[in-house]
Amino acid sequence: MTDWGVGMPVALPKTDAFAIVGLGCRLPGGITDLAGLWEALEAGRDLVGPVPDDRFEAGRFVDTAMARPGKSYTDLGGFLTDIAGFDAAYFGISPREAAHMDPQHRLLLETAVEALDDAAIDPDTLAGSDTCVFTGVSDFSYGGLQMAGARRMNAYSMAGAAHAIAANRLSHFFDLRGPSMAIDTACSSGPFLRTGDLGFLLEGELYVTGRAKDLIIVNGRNVHPQDIERVSETTDPATGPCAAFALPDPSGTERVVLVQEVRPLHLDGRTPADLADLIKRRLAQELRLAAHVVIVGPMGVPRTTSGKVQRARARDELRSSGFTPLHSDLPAPA
């Protein structure tokens, strides 16, 4: 048993080992295997280039002359080739469903088959086994494009965009019976099991595998911190950037906490406590959510150098009394 210093002790493997035995890939520059990647590295190739003609009309969305709202300032990127060249029949998927599948799902299926082939593993030997699938996946842009026009959507749209289905497609195609999880570890924080953490059991031991992107779970309900922050930041002209996260009370029950910056010039005679009450009423109205609100002064919420709010750091500072709040409705520590 190894104690990570926060939360419960986590068991680590003592004798079991793992190895990377196969690889499948799709990389810019038409790279589809390890040999191609090695060749590009040896040659020092620059794989960043202009938008391919078959993607979209770059002139409508790009202006390299100056930064403009709704336009990209650069027309360069790392682009994959032939992203539409998916053999749907091989995977038992109809053309109609394939058209609504996120390209990430299609690429995952293709590269998984190639990885097993690269490892000289017959997929039939895995069928019916407790083999697990853990895959990283991010971004809902493809599903968002479909939702922009109701006529584009059909019965396959939801499954085609859902992250969880990406991992589940592998489990279904190969008949794998173990845990099947799509994990978005962007902004992950803290190697301990609490809100949003993912893990699996092996011979009675618990292994941490990732974190579901700051997901807050309250009384069995999933809440995204971005939704809480959006509601709070648009509540009043006096509300600036904020950070929402889960924090356990003394009994270990998760509670939602919001650290909210105030713009004093917009208070108009109100107190920080008045602003906190307004935010709590708005959260209850919009999200049916009860939260504790901590009001801090301008630039009081921790940020990265690029200005992105750091939720984990805000939580840590609140735990260690690093804030000097203008108002807080959190119970005082016993």
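Four strands of this predicted model form an open sheet of mixed pairing, in the order β9-β10-β11-β12. Its edges are β9, residues 239-248, and β12, residues 327-328, each of which pairs on one side only. The pairing of β9 with β10, residues 254-262, is antiparallel and runs over 8 bridges. Within β10, Q260 is the residue that stands opposite C242.

Two helices lie across strands of this sheet. Helix α9, residues 272-287, lies across β9, β10, β11 and β12. Its direction makes an angle of about 140 degrees with that of β11, the strand at residues 292-296. Helix α10, residues 311-319, lies across β9, β10 and β11, and runs at about 70 degrees to β9.

Elsewhere in the chain, helix α7 covers residues 163-174. Which of its residues are buried? They are H163, A166, A167, R169, L170, S171 and F174. In an α-helix, residues three or four places apart point the same way, because there are 3.6 residues a turn. The cover over the buried residues of α7 includes the helices α3 (95-99), α4 (103-118) and α6 (157-161). It also includes the strands β3 (133-136) and β4 (180-183). Just after α7 comes D175, which takes a positive phi of about 60 degrees.

One residue of this helix can be followed further. S171 is found in α7. Why does S171 count as buried? Its relative accessible area is 9%, and the cut-off for a buried residue is under 20%. Setting aside neighbours within four places in sequence, the contacts of S171 are with V133, L176 and S180. Of the elements that cover α7, β3 spans 133-136 and β4 spans 180-183.

The model also has pockets to consider. Rolling a probe the size of a water molecule over the atoms shows where empty space is left. The second largest pocket holds about 730 Å³ of space. How many residues line the second largest pocket, and which lie nearest its centre? The lining has 20 residues, and those nearest the centre are R55, I83, P103, Y142 and L145. By class, 10 residues of this lining are nonpolar, 5 are polar and 5 are charged. Helices α4 and α5, the latter at residues 141-147, each supply at least two residues of the lining. Helix α4 thus has two roles in this account: it is among the elements covering the buried residues of α7, and it contributes to the lining of the second largest pocket.

Notes:
Residues numbered from 1 in each chain as written. Predicted model: local features only at pLDDT ≥ 70, side-chain atom pairs only at ≥ 80, totals over all residues. Heavy atoms only, no water. Pairing = 2+ DSSP bridges. Contact = heavy atoms within 4.5 Å. Axes fitted to C-alpha atoms, helices over the stretch in contact; angles between N-to-C directions. Buried < 20%, exposed > 50% of the residue type's maximum accessible area, 1.4 Å probe, protein only. 1 Å grid on protein atoms, 1.4 Å probe; cavity = no way out; pocket = protein on both sides within 12 Å on 5 of 7 lines; lining within 4 Å. Points joined across faces, edges and corners; volume = space filled by probe spheres on them. Nonpolar A, V, L, I, M, F, W, Y, C, P; charged D, E, K, R; others polar.
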